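Please find below my notes on this entry, set out as numbered points to be read alongside the coordinates.

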Amino acid sequence: MKLSLNWLREFVDVDLPVPELARLLIDATAEVESWETIGAQWDAQRIRVAEVVAIEPHPNADRLRLVTVEAGHGRQQVVCGAPNVAVGQKIAFATEGAELVDGHTGERAKLKLRPIRGVESAGMVLSEKELGLSENHEGILVLRPEAPIGRPLVEELGDVVFDISTWANRADLLGVLGFARETAAITGKAMRQPALSHTQSAHKVADAITVEIEDPDLCRRFTASLIENVSIGPSPQWMQERLQKSGMRPINNVVDITNYVMLETGQPLHAFDYDLVRGKRIVARRAKQGEKLTTLDGVEREFDNEMLLICDGEGPVGIAGVMGGGNSEVSTNTRNVLLEIANFRPGSIRRTSAYLKLRTEASLRFEKGLGVEMPEFAQHRALHLFEALTGGAVAAGLVDMYPGREPRKTVVVEAARIEQVLGIAVPTEDVRRILTDLGFVCHFVPPGRYSVQPPDWRPDIEIADDVIEDIGRIYGYDKLPTTMLRGVLPAPEVVPVRELRERVRDLAAALGFQETISYTLTDMARLKRMVPESDTLRSNPLGVVNPVAAQHAYLRTSLRPSLLETYALNRRNIDGALRVFEVGFEYLPIEADLPHEGTVLCAVLGGTRETRWAQAGGERLDFFDAKGAVESLLRGIGVKAGFAPRTEFGFLEGHTAGVRAGKEAVGVVGQVHPDHAAMFDIDEPVFLLELRVEDLVRHLPERPEYSAPSKFPEVRQDIALLVDAAVPAGRVLEIARSHRSGSISISAGLFDEYRGKGVPEGKKSLALRLHFQANDRTLTDGDVAKVQQGLVVRLSKELGAELRGS
């Protein structure tokens, strides 16, 4: 919002320095982004108001004239070529040394006097461009007739224009009067109201126009007035200047009045050529589907049946709250003006404006929510100006259709609540003064209660705390005491899934995986590469109503496609090992409004192993690297992992295992089938692991397992066992790790598997590294041999295993 300080001063006396006023508005009302000082560069001694007292022809030039001016220090003669100069005008006059804008180059330069066609010139009569006000250089700037002769021009035309960012729920701040009320309340000065008086003719407006509201849910109030026998012409200079400072282009006196009153009050208006209103009837109704209208900007627009139109007896003449139609536009031929001022539902105007991609000054105000009582006030303000500036006769009365009338709102505010919210007790006299200055009706009800009625222009006031906010900001936030926080902090909310998700993310990064973040939206073709049609839950994802692109049309039900796609994109630029992971959501459709968002860790790895110096080696990563990553992840969160062969869509048979925690399946690990990998342009073995974080939460130990390290050394032994080829190595390790003999425990690991020469058909050799340790003594060779023999006997009984080479 552009706010002219001179316009503001018309309603409230402001004598504060500009930076101080800006600071007060920022602290209490709205953000002052910047301000522009108009006339700051005008020399008060050299650029003044003067009067044209005589005009004579130039003796040596047909297009130039000799103009005699009075600037307060005697008459002076200047050479002037402006076509609009006339005797009796008040003009801007500059003498030698004044800094001006060159009308031809646009550069600033000091005025130097020289003879023009042989005639001396005592100074220069100025145009708007030479003063830096606009690009207009066709004629001189004509000032108001009442401008005092000899007055410095900076005092006559100088101004400060603030650029202010207002709040979404404060439509009243989109008018000068709104800021005048705020400024008066902040400074304690009285506020003056604009002139509303006007005379009325014998002709009644109710006899000239009929108004109907067919959809009161969208149009809460509609007022109409009639001004007859208007004279269309330019608006006065003062009005044009204020419109220009506010960023609006002057058009003619009728249109300028509507824009002026909107900028002043915040209430949009619209003027129709009354003689072009068909049937002398106005109707506010919903549009018919496909109905069209050519608006004032010359564009034909089509509407749906949720948009509100303003129609006459034969069809649309305007889009309610947005823009009028060209078929009833005010022109130079207009003689009678129908003035419409209404109130519309904010949501309806916002939707219409967004759908049509048509934002206007009117829609900007309506969509923020205007008070329903404002139309009548704005009508009288506009009619006052119409009578004064157009010479028209105002028809008697108003047509006022008001289906949205509601009883005036009353808000009860407890003094104790004010102290609770602000932290201080605000004196009763200050509360009443602040609210009264802001336009509230405030009654104090002893011993500590206020009955408050918000003003018509503040529909944003709903509850007591809204009123307290106004009290606090005007009273001054700087008066609130600085205190330490009191009370007890609430206990942190425990969200196990979220906490585990972060732990798993850290563990994956520690294992050398690079984290990625992919789109949660996908397409069916990409999803089907790793999701079988038989999986009815995941193969029927939820679609997006208005996708931004075809490849982002569905919520993903699996992270596998996006991880493999990310792996393929990065493989083009990386040699050696490549490990990527994502902890994200898969969206599974359920019988509810929203899908189930399951948290999943998905990781992909491939390439060659690295040497100890992080160089690419010759061996490729395999299934056991992926399985080891799963084991490390689960060990890091304290969950014991179990593995079992598994058949999985998109994975290579015999190279895939289901991951278990206890008896529950919590994930999968395996090699991606080469055919499916090829769908992602991957031509090397890649391995994928997936863990469902929500399932893992149920298996987290209440506290981490811990045993004190033994004071005694461990003994290490390697053994090779012959077992049936179908026996899983995990089962062998499970038995070895669970074996006990008194106080002696065993930890075991597999370091080799061999099939081939020297191993019978249908058998395999598993090489185990065993660690024996006791907490009460140092083990002897006899102790170790006895425990090892017991373990071999157990493995023989349960799995048919035997020592190789025995």
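**Notes on helix H2, the seven-stranded sheet and confidence**

1. In this predicted model, helix H2 (residues 18-28) has buried residues at Val-18, Leu-21, Ala-22, Leu-24, Leu-25 and Ala-28. They lie on the same side of H2, because the arc they cover around the axis is only 160 degrees. Among the elements that cover these buried residues are helix H1 (5-9), strand E2 (31-38) and strand E11 (159-165), together with helix H5 (176-187) and helix H13 (464-475).

2. Further along the chain, an open sheet of 7 strands runs in the order E27-E30-E31-E37-E36-E35-E34, and its pairing is mixed. Its edges are formed by strand E27 (514-515) and strand E34 (641-645), each of which pairs on one side only.

3. Within that sheet, strand E36 (residues 664-672) pairs with strand E37 (residues 686-692) over 5 bridges in the antiparallel sense, and Gly-667 has Leu-691 in E37 as its bridge partner.

4. Two helices that pack on the sheet deserve comment. Helix H14 (residues 496-510) touches E27, strand E30 (578-588) and strand E31 (596-606), and its direction makes about 160 degrees with that of E30. Helix H17 (residues 623-637) touches E31, E34, strand E35 (651-661), E36 and E37, with a direction that makes about 25 degrees with that of E37.

5. As to confidence, the chain has a mean pLDDT of 92, with 99% of its residues reaching 70 or more. Among the elements of the chain, E37 has the highest mean pLDDT (97), whereas strand E33 (residues 616-620) has the lowest (77).

Technical notes
Residues numbered from 1 in each chain as written. Predicted model: local features only at pLDDT ≥ 70, side-chain atom pairs only at ≥ 80, totals over all residues. Heavy atoms only, no water. Pairing = 2+ DSSP bridges. Helix = DSSP H or I, 4+ residues; strand = E, 2+ residues; numbered from the N terminus. Contact = heavy atoms within 4.5 Å. Axes fitted to C-alpha atoms, helices over the stretch in contact; angles between N-to-C directions. pLDDT = per-residue confidence, 0-100. Buried < 20%, exposed > 50% of the residue type's maximum accessible area, 1.4 Å probe, protein only. Arc of directions from axis to C-beta.
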